[in-house]
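Please work through the exercises below with the sequence and the coordinates at hand. Each task is followed by a stepwise solution.

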Amino acid sequence: MKKISIYLPIEIKVRELNSFILIAKFAINYGCRIYLGSKSSIKRLIENKKSCGGSFLFKGGMPLADILHIRKKVNKFLILDQEISPSCLDFKKEIRRRVWPESEKFIDRYYLIGDMAYNASLNVLKDLSPNIIKSGWPSIDLYRDDFRFFYNSKVNEIKKKYGDFILFSSAFGFNSQKIINDFYKVKKNSNWKSVRSDLNEVMDFANSSLEEFQLNIDILKKIDQDITCPQIIIRPHPAEDHNEWKKISKCFSRIKVIYEGSIIPWIYSCRALLHRGCASSVQAYMAGIPTAYPILKKDCIKKAFPYKISEHLYNLEDIVNFCKKNINANSVPIKNFSDEFHNMIHFREDKYASEIIIEDLISLNIDQEEPYISNMKDKAYDFLNDLRNFFKIKIKDLLKLESNIGHSPKSQKMPGGINKSEIEELMNSIKVKKKFIVKDVFKDCVEIS
């Protein structure tokens, strides 16, 4: 049966999957068919399908040649920019470098989080201005109190296992010399001119971030020895060097380092949040969870929205006192958000961002398609690819080769991959009212209809 197809590629599973499940929930209500998978599997699906139709919803811009290649098989190329976030300092600069020059006329929609990003994009993406939509973010939808049920089971599991704790959400990015070196190797030859031209500035920031990271680790090691300080659990950022965190975790006797699933249930489980200017602070703010920003290196302060909604801590004593003061805090969800919140985030009481995006998407002139049918070629490809990866890992282990972490490894970005049983469980958890079917298309790619 022909339906509108929506192709949803995921780069970082723990950050993007649940918001795409929410998009799928509303898309099903409008009779759409959703293909959800890793970036490589969705691109592979689009290349292999015989028809031209549907819409491709990506997290940012692409080189013009890649956009044109995808548009040969889809009607609409859409962007839901997940990097133009509340922690952004210079919206104009960030937006300009995330859209490939001369690609604006081939982008059919550019969905943004709120007024500040929207106004900046109108200023720098003039050719795209008719197609810029102030939609809000599906991930912010999931921070609303009426979707908290989605995480109840995981929250209960975390609380039962770890009791009361303070969560430290790490977002230093550059937390080892290796990740800095590997990042430079990857970016110096990037086909994005904006990446190459800003590289020296980014490297200065990277080295400063590493210094700040090391200062924080020194403080945390001292806190770890203070038995009066409540339990702290550190959540590494998906893009950080996790091998470095594994080494550091061995230095702690009380503090735990845990990277497991989406951060959302971890925030709901904690008594208070320490963060480094990341968007997780927005969830804590909305949930009424005490939030603080440790400032140990003043030239690294990101004076964006997360900084403004947080208590500021300047030394070891401040951090310990914050933890002690809030270990028994009871959170009360915010009912009336600040004007600054509304300037940053498009938020409607009567409609979710996911609904706004899907309603706009189906208003576009999109050709319907028959479902993709897997074949023996797909199965052979998966088998050979798994075999190649198996030997690749074995050879690396044998030669003791270190992985290049200029880009985070798949084990961090896509832990467990994308599979039918997990997607079915998530769709059922989010209480999809219409009957739905989930099918494995091929490895790391499912169809929901």
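The exercises concern a predicted model and treat helix packing, buried residues and backbone conformation in turn.

**Exercise 1. Describe how helix α1 packs against helix α17.**

Solution.
- Step 1. Two packed helices are described by the angle between their axes and the distance between the axes.
- Step 2. For α1 (residues 13-29) and α17 (residues 353-362), the angle is about 50° and the axes lie 9 Å apart.
- Step 3. This angle makes α1 oblique to α17, and the crossing of the two helices is right-handed.
- Step 4. On the α1 side, Leu22, Ile23, Phe26 and Ala27 form the contact; α17 contributes Ser354, Glu355 and Ile358.
- Step 5. By character, the residues of the contact of α1 with α17 comprise five nonpolar, one polar and one charged.

**Exercise 2. Apply the same treatment to helices α10 and α15.**

Solution.
- Step 1. Helix α10 spans residues 199-224 and helix α15 spans residues 316-326; they pack at about 55°, with an axis separation of 10 Å.
- Step 2. The pair α10 and α15 is therefore classed as oblique.
- Step 3. The crossing of α10 with α15 is right-handed.
- Step 4. Ile219, Lys222 and Ile223 of α10 meet Leu316, Ile319 and Val320 of α15.
- Step 5. The contact of α10 with α15 divides into five nonpolar residues, no polar residue and one charged residue.

**Exercise 3. Is His275 buried or exposed, and which residues does His275 touch?**

Solution.
- Step 1. His275 is placed in strand β10, which covers residues 272-275.
- Step 2. The relative accessibility of His275 is 0%, so His275 counts as buried, the cut-off for buried being under 20%.
- Step 3. The side chain of His275 reaches the backbone nitrogen of Gly277 at a distance of 2.9 Å.
- Step 4. When residues up to four places away in sequence are not counted, His275 touches Ser169, Ser281, Thr291, Ala292, Tyr293, Pro294, Pro306 and Ser310.

**Exercise 4. Locate Asp378 and Ser121, and state the surroundings of Asp378 and of Ser121.**

Solution.
- Step 1. Asp378 belongs to helix α18 (residues 376-399).
- Step 2. With a relative accessible area of 3%, Asp378 is buried.
- Step 3. Beyond four places in sequence, Asp378 touches Arg44, Asn48, Tyr372, Ile373 and Phe442.
- Step 4. Lys302 is 76 residues from Asp378 along the chain, and the C-alpha atoms of Lys302 and Asp378 are 46 Å apart.
- Step 5. Ser121 belongs to helix α5 (residues 115-124) and is buried, at a relative accessible area of 0%.
- Step 6. Apart from neighbours within four places in sequence, Ser121 is in contact with Ile95, Tyr110, Leu112 and Ile132.

**Exercise 5. What is the sign of phi at Glu102 and at Lys431, and where do Glu102 and Lys431 lie?**

Solution.
- Step 1. Glu102 is not a glycine, yet its phi is positive, at about 70°.
- Step 2. Glu102 is in the loop between α4 (91-96) and β5 (109-112).
- Step 3. Glu102 counts as exposed because its relative accessibility is 66%, the cut-off for exposed being over 50%.
- Step 4. Lys431, likewise not a glycine, has a positive phi of about 60°.
- Step 5. The loop that holds Lys431 runs between α20 (420-429) and β13 (438-442).
- Step 6. Lys431 has a relative accessible area of 52% and is therefore exposed.

Conventions. Residues are numbered from 1 along each chain as its sequence is written. This is a predicted model: local features need pLDDT of at least 70, side-chain atom pairs count only at pLDDT 80 or more; totals for chains, interfaces and linings use all residues. Side-chain values use heavy atoms; hydrogens and water are left out. Axes are lines fitted to C-alpha atoms, for helices over the stretch in contact, and angles run from 0 to 180 degrees between N-to-C directions. Helices (H or I, at least four residues) and strands (E, at least two) are DSSP runs, numbered from the N terminus. Angles under 35 degrees count as roughly parallel, over 145 as roughly antiparallel, 65 to 115 as roughly perpendicular and the rest as oblique. A crossing is left-handed if the near helix is turned anticlockwise from the far one by less than a right angle, and right-handed if clockwise. Contact means heavy atoms within 4.5 Å. Ala, Val, Leu, Ile, Met, Phe, Trp, Tyr, Cys and Pro count as nonpolar, Asp, Glu, Lys and Arg as charged, and the others, Gly among them, as polar. Buried means under 20% relative accessible area, exposed over 50%, partly exposed in between (1.4 Å probe, protein chains only). A polar contact is a pair of N or O atoms within 3.5 Å; within protein, one must be able to donate a hydrogen and the other to accept it, and residues adjacent in sequence count only if both atoms are side-chain atoms.
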